[in-house]
Protein chains: 2
Amino acid sequence: MYAEPACESTLSMPTPSRWPVVPIEPAVREAAPRPAPRCSACSLRPACMPPDLTSSELQQLDTVVLTTRNVRRGETLFRAHDPFQSLYAVRTGSFKTIVMHRDGREQVTGFQIPGEPLGLDGVCSGTHSCDAIALEDSTVCIIPFVQLETFCRESRRMQRHLYQLMSGEIVRESSLMMLLGTMTAEQRLAAFLLDLAARFQKRGYSGAHFNLKMSREEIGCFLGMKLETVSRMFSRFQREGLVEPNGKQIRIVDLEGLARV
Amino acid sequence: MYAEPACESTLSMPTPSRWPVVPIEPAVREAAPRPAPRCSACSLRPACMPPDLTSSELQQLDTVVLTTRNVRRGETLFRAHDPFQSLYAVRTGSFKTIVMHRDGREQVTGFQIPGEPLGLDGVCSGTHSCDAIALEDSTVCIIPFVQLETFCRESRRMQRHLYQLMSGEIVRESSLMMLLGTMTAEQRLAAFLLDLAARFQKRGYSGAHFNLKMSREEIGCFLGMKLETVSRMFSRFQREGLVEPNGKQIRIVDLEGLARV
DNA sequence: CGGTTAGTTGAGAAAGCTCAACAGATGTGG
DNA sequence: CCACATCTGTTGAGCTTTCTCAACTAACCG
C-alpha cells in the first residue's frame, strides 16, 4: 500500500487466465484464481518465505502455491465466519483486516503490504474471525492450508517458518495492545508512521516519503481514535516540522523527532 | 488464578524432587525443574492438548514433557530478551504477561490460568518479547520446543493443535485490540469479567463467583485504564446490581445485564 | 460541472486522568 | 500477639485529552 514503487509494477500486470471453462471477462477475471508466477522465481520470496530453502524445497513450494487471486479495491478477500481453507500472501496492493462487534463497531487490526500474510486467524476454529478488505486493486497468492501442513511435516525449515510467522503476528499484536493501552493520540500516530516507514525501508522503498492508501478514518479506527483527532495530530506534526503531510502523500522530515514524541 | 478450586489441589501437592545433585532446600526447590506427572494422566489434558491423541501419541507426549517448574508469586518464568527454549503450560496458579516500553510504561497483555499456554511469543525471534510473572505461587509444565517440533512432524494431530494454539492467541489478541480501541472503561471491565467467567465455567468452576488474583492496578494495565477508574467501575456495577465485589472476591449477580453494558 | 466524499478546523461536552485524602487489609519486628 | 508501617482499594474534586457536532474546503467521480 502507501507507495507506488515502480519496481513492483510488473507484478500487477494481468496474466492470461487459465481458469477452466469460465470465459475471460472483467467481472469473472477479477474473482477467478489464476496461475501464480512461481514462488521459486518471485521477487517477494525473501519477505514471504524462509531464506534458506533448498532447491527441492523450492520445487515443492511451487506445487503448493499454485494460484493467485485479484481483489478489487473495497472488496473482501474473506469475511468473518467464512470457512478457512487457505492462507494468503499479499502480492500487490494492500489490505486492511477488521474485526466487527455485533453492535457494528469495528476495529482495524492491521494493514498488510506486499509480502505479508493474511488469514492466520482462521486456523484456530476453521473459520475466519475477521474481514480482509483490499485498500486498492490487489493480488494475493493462495496457499491451501492442508497442502502447506503436509509440506511442513516434510520440511523443517518450512515448519519453523510457519511457526515464526504466527508467533510474529502474536508479537505484533502485543505491541499494538501496548500502543492502544498506554499511549496518547500523538504518540500513537507517531508510532504508526515509524512502523510504516520501517516496513517500507525493509522492502527497499523510501521510508521517508510514501503514499497512504487508507483514509484518516481507517487510521483512526486502527489507532483507537476518531478521524478528527488523526487529522489534528497530522497538523500538529506539520506545525512542529516533523512530517510534511499532503493529503495521502506523507513525507517524514524529522525521524528522530517523531521517535521522541 | 481467581478461584481456589478444591478439585485441583492435588496438582499443587509437592512431588519428591529427583533433580540431580542439588540438595532439596526451599530456595532451590522453587527454581528447580522437577519430574512432571505425565500428560497422559493429567486432569488438565483436555484444556491443554488435542482431544483425540492415540495412545502411542500420548506415550510420545510423555517423553516430550518431562519436567515442571515452580514459580513463586511475583517471580518471573521468563523475561523479555531471554533466549527462547520452551513453551510452558500453566499447571497450577496463574500468571500475567507484560510488554514493557523503554520509557518504563508497561502493558499487561494477558492473564493465564491452568491449562493455558505461555511463551508462544518467543518462537518468532528465538527471544521472548514479554515477561511472564506469577500472580501467586504457581507451577508450569516445560515443553522443550525442539522436541515439540519433532513430535509435530510425526503427528498431524499435534501439528494441527500447535497451529490452532497460536492462531487462537492471534484471535484473542485481536479481540483485545477491539476492546482497547473501541470500548468505554465500563464496557471493558464488563467484557473482562465476562471473559473470566466463561474461562472458569469452561474448566468446571463457578463462573458466577471467583477470586481475582490480580490487583486493580494490573486489571487497569490490562484494560488500558487507571486503577482508580477500575475501582470506580466496580463501584458502579455494584450500585447497578450487576456485580457484588468484595475486594478480590467477585460475585456476578446479573450476567445478562453485564453483557448489555 | 454539480454532487459526493475526504480532510481540516473550531467550540463545547464528556470521559477518564491526576492528585489527594482516607480506610481496610496485610505484613513485620519487637 | 500487638503496634506500626506498608500496600491496596475507594472516593472526591478539578483538570486534560479526546470526542462530538458543525461548518467549511478540497479532491474526486460520473
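**Close-ups of a predicted model: cysteines and DNA strand D**

**View 1. Cys48(B), a buried cysteine.** At 18% relative accessibility, Cys48(B) counts as buried (under 20% relative accessible area; exposed is over 50%, partly exposed in between, with a 1.4 Å probe and protein chains only). Cys152(B) is buried too, at 0%. This is a predicted model, where local features need pLDDT of at least 70, side-chain atom pairs count only at pLDDT 80 or more, and totals for chains, interfaces and linings use all residues. Residues are numbered from 1 along each chain as its sequence is written, chains are lettered from A and ligands numbered from 1 in the order written, and side-chain values use heavy atoms, leaving out hydrogens and water.

**View 2. Looking for disulfides.** Searching the whole structure turns up 0 disulfides over all chains (a disulfide being a pair of cysteine sulfur atoms within 2.5 Å). Cys48(B) is in none, and its nearest cysteine sulfur, on Cys141(B), sits 6.5 Å away.

**View 3. The surface around DNA strand D.** Here 16 residues surround the strand, and the closest include Ala185(A) and Arg216(B) (near means a heavy atom within 4 Å). They split into 3 nonpolar, 6 polar and 7 charged. H8(B) chips in the most, with 5 residues.

**View 4. Phosphate contacts of DNA strand D.** Polar backbone atoms of Ala185(A) and Lys226(A) lie 2.8 Å and 3.4 Å from phosphate oxygens of the strand. From chain B, a polar side-chain atom of Ser231(B) comes in at 2.8 Å from a phosphate oxygen. Of the strand's atoms within 4 Å of the protein, 59% belong to sugar or phosphate, and the rest to bases.

Notes:
A polar contact is a pair of N or O atoms within 3.5 Å; within protein, one must be able to donate a hydrogen and the other to accept it, and residues adjacent in sequence count only if both atoms are side-chain atoms. Helices (H or I, at least four residues) and strands (E, at least two) are DSSP runs, numbered from the N terminus. Ala, Val, Leu, Ile, Met, Phe, Trp, Tyr, Cys and Pro count as nonpolar, Asp, Glu, Lys and Arg as charged, and the others, Gly among them, as polar.
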